Amino acid sequence: MKCLLTSGLALLIAAPALAADDKAAVLDTYADIALAGYEDSLTTAEALKAAVDALVADPSEATLTAAREAWRAARPSYQQTEVFRFGNPIVDDWEGKVNAWPLDEGLIDYVDAGYGGATDENPLAAVNIVASPTLTIAGEEVDATEITPALIADTLNEADGVETNVARGYHAIEFLLWGQDLNGTGPGAGDRPFTDYAQGDACTNGHCDRRAAYLEAATALLVEDLETMVGNWTEDGKARAALMENPDAGVAAMLTGMGSLSYGELAGERVRLGLMLNDPEEEHDCFSDNTHMSHYYDGVGIQNVYLGSYTRVDGSKVEGPSLSELVAAKDPALDTEVKTKLDATMSALTALRDAAEGGFAYDQMLEAGNEKGETLIMGVVDGLVDQTRSIERVVSALDLDQIEFEGSDSLDNPASVFQ
C-alpha cells in the first residue's frame, strides 16, 4: 500500500541543487554498499546451504542446531540490504523471491490441527507439499514427485496467485528448520525435531526424504537468487546502471528506500500492526523468534545509507562520500537532526533487541496489556516515524521532486485494521 504523506510531512521543492558530480559520488558509495551487502548475504547463504547439506546427510541435534545458527547468521547481512528496496525497481521486483512474508506454512509441511485447512482466500493453505507427490493447483494436476528449485520457483511459489503461498526464501527455510511456533505470546520458538530429517524407522512426522529434498532445494534456490542480485550491483550491473542514469533520481531512490522502510514497512507493517493485533503470527521471523534481530538490522541498514558506511561480515568497511555530507553542505543543522534521530531509533531498537536477547521474548512483548513490551515496541515505532519526518525534510533541502513513501493502515488509518 502506498500513501503520499501530507500536511506536516509534505515534501516541497526548496533550495538549489548541489552539483551533479557530488551526487554521483554519493551514488557510487551507495551502490558499493549494496554490492557488499548482497555479497555478504550470498556468502552467509552459502554457509547456510553447507549446514543444511550436513543436516540432511547426518540428522542430529547438533546438525539441526548448526543449521539454525547458520540461518540466524545469514539474516543480519540481508536485513541491512532491505533499504535498497522501494527506490530501486530491480530490487523491489526481486525481493519477494527471498524474503516474502507472511506465509501460510501449511502449504509446505505438516501443521498443528489448530491451524485449520483450506480457506476461501487460500485453497492451498494446508495442502502440505512435503506429503503430496501430486498436487492440484488452480484445477490442474502438478507432478511434485521430485522437489527441485525449478518446481518451487516456477510452480509452487505464490501458487494459485495467492501471495501467502510462499514456497521459497528465508522464511520457507526458517519454517523447515524450526517448525511452527505454538507458544502464542509465551516464550519459545518452533521446536521441530531433528528426526523430521531422519531416514527409515527413525523418521518422525512422515516423508522425511521429501522434507529433506525441499529444504535442500529451497536453500539452493536462495543462493541462486542472491547470486542474481550480486550481479545487478557489479560495475556493469543493471541496478547500478539504472541508479547512475540521473543523479537527482538516484538520490531520490536512496531517500525513497530510507523513508519507505522506516515508515510504512518497518514502523507500520512489521512493528505497529503486530502490537495492535497482539498477534505473534505478525512477527517477521515468527518461527525462530528472531524478529527483534531482523528489526534491528533493518535500522542499521537505513543508517548505513545515510552515513555512507557499511561494516562487512569480515569486519572490513565499505565507505565513501555520503548522503550525510551532501545534506551537511546544504543545511548543517538538518544533517545533525537526521543523525540524531537515526541514533535515537537505533537506541530504541537496541533496547528492544537486548530485552529479547535477555529473555523477554518478542512474543511476550506483543501480549495484550504487557506495558513493558508495548513501551519497547512503541519506542521503535515512534523513533522510525520521527526519523521519517526528517528524511522528508532532506528531500526538500536537496531540491528533489516530491517523493511517495510506502504507508501502512496501522499508522495512517488505524481503525481500518479492525474492520
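The legends below describe views of a predicted model, beginning with the whole protein and ending at P321.

**View 1. Overall fold and dimensions of the predicted protein.** The protein contains 14 helices and 4 strands, and its C-alpha atoms fill a box of roughly 70 × 50 × 45 Å when taken along the principal axes. For 419 residues a compact globule would have a radius of gyration near 22 Å, and the protein agrees with this because its own value is 22 Å.

**View 2. Interior and contacts of the protein.** Of the 419 residues, 56% are buried. Among the contacts that link residues at least 6 apart in sequence, 73% join residues at least 24 apart.

**View 3. Surface and charges of the protein.** The accessible surface amounts to about 16,400 Å², and carbon and sulfur atoms account for 49% of that surface. The protein carries 25 positive and 74 negative charges, and the mean positions of these two sets lie 5 Å apart.

**View 4. P321 in the loop between β4 and α10.** This loop follows β4, which spans residues 317-319, and leads to α10, which spans residues 323-330. P321 counts as partly exposed, because its relative accessibility of 38% falls between the limits of 20% for buried and 50% for exposed residues.

**View 5. Surroundings of P321 beyond its sequence neighbours.** When the neighbours within four places in sequence are left aside, P321 is in contact with A25, V26 and T29. L307 is 14 residues away from P321 along the chain, and the C-alpha atoms of these two residues are separated by 8.5 Å.

Note on methods
Residues numbered from 1 in each chain as written. Predicted model: local features only at pLDDT ≥ 70, side-chain atom pairs only at ≥ 80, totals over all residues. Heavy atoms only, no water. Helix = DSSP H or I, 4+ residues; strand = E, 2+ residues; numbered from the N terminus. Buried < 20%, exposed > 50% of the residue type's maximum accessible area, 1.4 Å probe, protein only. Contact = heavy atoms within 4.5 Å. Rg over C-alpha atoms; globule rule 2.2 N^0.38 Å. Areas by Shrake-Rupley, 256 points an atom, 1.4 Å probe, with all protein chains shown as cover. Lys, Arg positive; Asp, Glu negative; His and termini not counted. Charge placed at Lys NZ, Arg CZ, Asp CG, Glu CD.
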